[in-house]
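Me: I would like to learn how to read the features of a protein model, one at a time. Please give the general idea first and then the case at hand.

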Amino acid sequence: MPHIRAEGLAVEFPLYHVGARSLKKRLLARTPLRLRQDESNRVVVAALRDLSFVINRGERVALVGGNGAGKTTLLRTLAGIYEPVAGRLEVAGSVGSLIDPAAGMDQVSTGRENIMLRALFRGMDDAEALEMAEEIGQFSGLGEFLDVPVRSYSAGMQVRLSFAMATVITPEVLLMDEWLLAGDADFMQRAQERLGRLVEGADIMVLATHNTKVAREWCTRAIRLEAGRIVADGPVEEVVVDSPPLAPLGVAG
Amino acid sequence: MLQTTMPPPLSVLYVTDANRPRRMERALEDLATGFARWRLAAALARLDIRNRYRGSVLGPFWLSLSTAVMVVALGLLYSTLFSMPLDEYLPYLAVSLIVWNLVSQVVTEGCASLTSAEGVIRQLTLPYTVHALRCVFRNAAAAAHSLPLILVVFLFFGHVPGPEALLALPGLLLLGVNAFALSLILGMVCARFRDIPPIISNVLQLAFFMSPVLWKPELLGEQQAWLPLNPFYTLLEVVRGPLVEGGAALEVWASAIGFTLLSCALSFAFFVRFRGRIAFWV
């Protein structure tokens, strides 16, 4: 059964190009919390520290926390991109990760060529690729623009294509960054519906987000990260409520 | 939990455990999936070539043209310097230069095989093997635009190699295997230590003059015996020998095969040990 189990998971980023000794010392002196020196004298950033959690089938988890709390790093670790330096991670089920829409997109190629390329990235065969191209063409509503190089698309068209390409998957474990929830209003309505289906179809969803509204709307459980540690984990109403409201920018309304 | 349906059989299980890293298993898996995805690598290589020559009229045939000009110009100059007849020297030089360019290009681009794919590596879960294969395919495509020049030169000078010329094919195969092994190991080493690429390009420049590319090995006299220790020479010679010199010596083949085994072994060992670190290096 699809599940995610993490036990004492830790991920560290080595800062390789911090050569000078004095700079090293200064860095270490200033931020004693997350920067440290490992056994071989490298300065490392502790991106995730001692995370333990179990996510079962049917759970939709929001990862919340400030910038640099480790949300995206955790998503990438779950996707198998970063290997942990300590602890154990088990992800059962086919993983679909929507972390960066533009990754693997070739700006010079046409929309259609990019779709075929994406199919290859996903290891699909020709028949599946054609089927996917058909579906993306329909959903994105790009029409004749599908045969035009992507670099000449407007920003909105690029988002539509990336979104369509990203969401024609039916994974058991869905990993998502909040970029998916940005777009123009007209498109967002159709996007919502499609995302809804994708989320319903997945057995597990993990969504990294800043947006408390999004977290409440889409998720059942929330994990709050702070400086790479879990500080709260529970039903979304409990964890997300105590987030500080966004400071007003001095504009009425 | 209430369970109404049988759970579907799990198709995928990803386990990573820092205490039991199973490095060998994961490296083999990476290689296997990477080779199974060769079509992706080929498509990416094709895009690389296309984007490199975007908007140019001749496109990749610039490679053919610049190689042709180089062969003719250097041929005229050095046949005079070495006082060798042109119809004897030019076929030799054509094979030498074209194969050398191939080798040096593979080594140079191999250094960037992983750093240039940084965007993909950090966003998508993909076998690293794909990036090394992409580099190999890209260079194979470049070779397809320059190797036929050898045929043109042979036809022009009426140089007809014997049946031993077929041995150039296993020679090219050895080059291909090395290209993959080097793209993998250089890609990793150069991602971790950013000072390596300039060192490599210096080594290549030195090797060009120190190896018998422009000059013939006979000119070394007694010292010729040391040549099989130079991997640049032996890997060049396994292609050049069969085409212009009636075959390559046995020790040349032995050295080329030995070097290939060594580069594969080193590359594999590195890959097994450091595969998990690549995402942090690029």
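Reply: Begin with the make-up of one chain. The secondary structure of chain A amounts to 8 helices and 10 strands. Keep in mind that this is a predicted model.

Me: What share of the residues in chain A is buried?

Reply: A residue is called buried when its relative accessible area is under 20%. In chain A, 52% of the 253 residues are buried. The accessible surface of this chain comes to about 11900 Å², and 52% of that surface belongs to carbon and sulfur atoms.

Me: How should I read the contacts in chain A by their distance in sequence?

Reply: Take the contacts between residues at least 6 apart in sequence, and look at how many span a long stretch of chain. In chain A, 71% of these contacts join residues at least 24 apart.

Me: Why is helix α3 of chain A said to be largely enclosed?

Reply: The reading rests on the count of buried residues in the helix. Helix α3(A) covers residues 111–121, and 8 of its 11 residues are buried, so the rest of the structure largely encloses this helix. The buried ones are Gly111(A), Asn114(A), Ile115(A), Leu117(A), Arg118(A), Ala119(A), Leu120(A) and Phe121(A).

Me: Which elements do the buried residues of α3(A) pack against?

Reply: The partners come from both chains. In chain A they are α4 (126–140) and α5 (155–167), and in chain B they are α2 (38–52) and α5 (118–121). Just after α3(A), the backbone has a further feature: Gly123(A) takes a positive phi of about 70 degrees.

Me: What is the volume of the largest pocket, and which residues are closest to its centre?

Reply: Read a pocket by its volume, then by its lining. The largest pocket has a volume of about 1400 Å³. It is lined by 44 residues, of which Ala79(A), Val95(A), Arg37(B), Thr125(B) and Leu126(B) are the closest to the centre. Elements giving two or more residues to this lining are β6 (95–98) and α3 of chain A, with β1 (13–17) and α1 (23–36) of chain B. By residue type, the lining of the largest pocket divides into 24 nonpolar, 10 polar and 10 charged.

Me: How do the residues that line the second largest pocket divide by type?

Reply: Volume and location come before type. The second largest pocket holds about 650 Å³ of space. Of its 28 lining residues, Pro84(A), Val85(A), Arg23(B), Arg273(B) and Arg277(B) are the closest to its centre. Two or more residues each come from β1 (3–14) and β3 (43–55) of chain A, and from β1, α1 and α11 (250–274) of chain B. The most comes from β3(A), with 4 residues. The lining of the second largest pocket divides into 13 nonpolar, 2 polar and 13 charged.

Me: How many salt bridges does the structure hold, and where is one that crosses between chains?

Reply: For each salt bridge, note the pair, the distance and the placing of both partners. Over all chains, the structure holds 23 salt bridges. In one of them, the side chains of Arg39(B) and Asp126(A) meet at 2.8 Å, N to O. This pair crosses between chains, from helix α2 of chain B to helix α4 of chain A. Arg39(B) is partly exposed, at 36% relative accessible area, and Asp126(A) is also partly exposed, at 48%.

Me: Is Arg221(A) buried or exposed, and what does its side chain meet?

Reply: Take the pairing before the exposure. The side chains of Arg221(A) and Asp233(A) form a salt bridge of 2.9 Å, N to O. The pair links distant parts of the chain: Asp233(A) lies in strand β10 (residues 229–235) and Arg221(A) in strand β9 (residues 221–226), 12 residues apart. Arg221(A) is buried, with a relative accessible area of 10%, whereas Asp233(A) is partly exposed at 37%.

Me: Which residues are linked in a network of salt bridges?

Reply: A network is read as a set of residues rather than a pair. Here the set is Asp48(B), Arg52(B), Glu109(B), Arg134(B) and Arg138(B). Elsewhere, the side chains of Glu118(B) and Arg122(B) meet in a salt bridge of 3.1 Å, N to O.

Me: Where is Leu102(B), and which residues does it touch?

Reply: Place the residue first, then list its neighbours. Leu102(B) is in helix α4 (residues 86–110) of chain B and counts as buried at 16% relative accessibility. Not counting residues up to four places away in sequence, Leu102(B) touches Asn139(B), Ala143(B) and Leu175(B).

Conventions. Residues are numbered from 1 along each chain as its sequence is written. Chains are lettered from A and ligands numbered from 1 in the order in which they are written. This is a predicted model: local features need pLDDT of at least 70, side-chain atom pairs count only at pLDDT 80 or more; totals for chains, interfaces and linings use all residues. Side-chain values use heavy atoms; hydrogens and water are left out. Buried means under 20% relative accessible area, exposed over 50%, partly exposed in between (1.4 Å probe, protein chains only). Contact means heavy atoms within 4.5 Å. On a 1 Å grid over the protein atoms alone, a cavity is a set of points where a 1.4 Å probe fits but cannot get out, and a pocket is an open set with protein on both sides within 12 Å along at least five of seven lines; lining residues have an atom within 4 Å of a point. Grid points are joined across faces, edges and corners, and a volume is the space filled by probe spheres set on the points. Ala, Val, Leu, Ile, Met, Phe, Trp, Tyr, Cys and Pro count as nonpolar, Asp, Glu, Lys and Arg as charged, and the others, Gly among them, as polar. Accessible areas come from the Shrake-Rupley method with a 1.4 Å probe; for residues, only the protein chains shown count as cover. A salt bridge is a side-chain nitrogen of Lys or Arg within 4 Å of a carboxyl oxygen of Asp or Glu.
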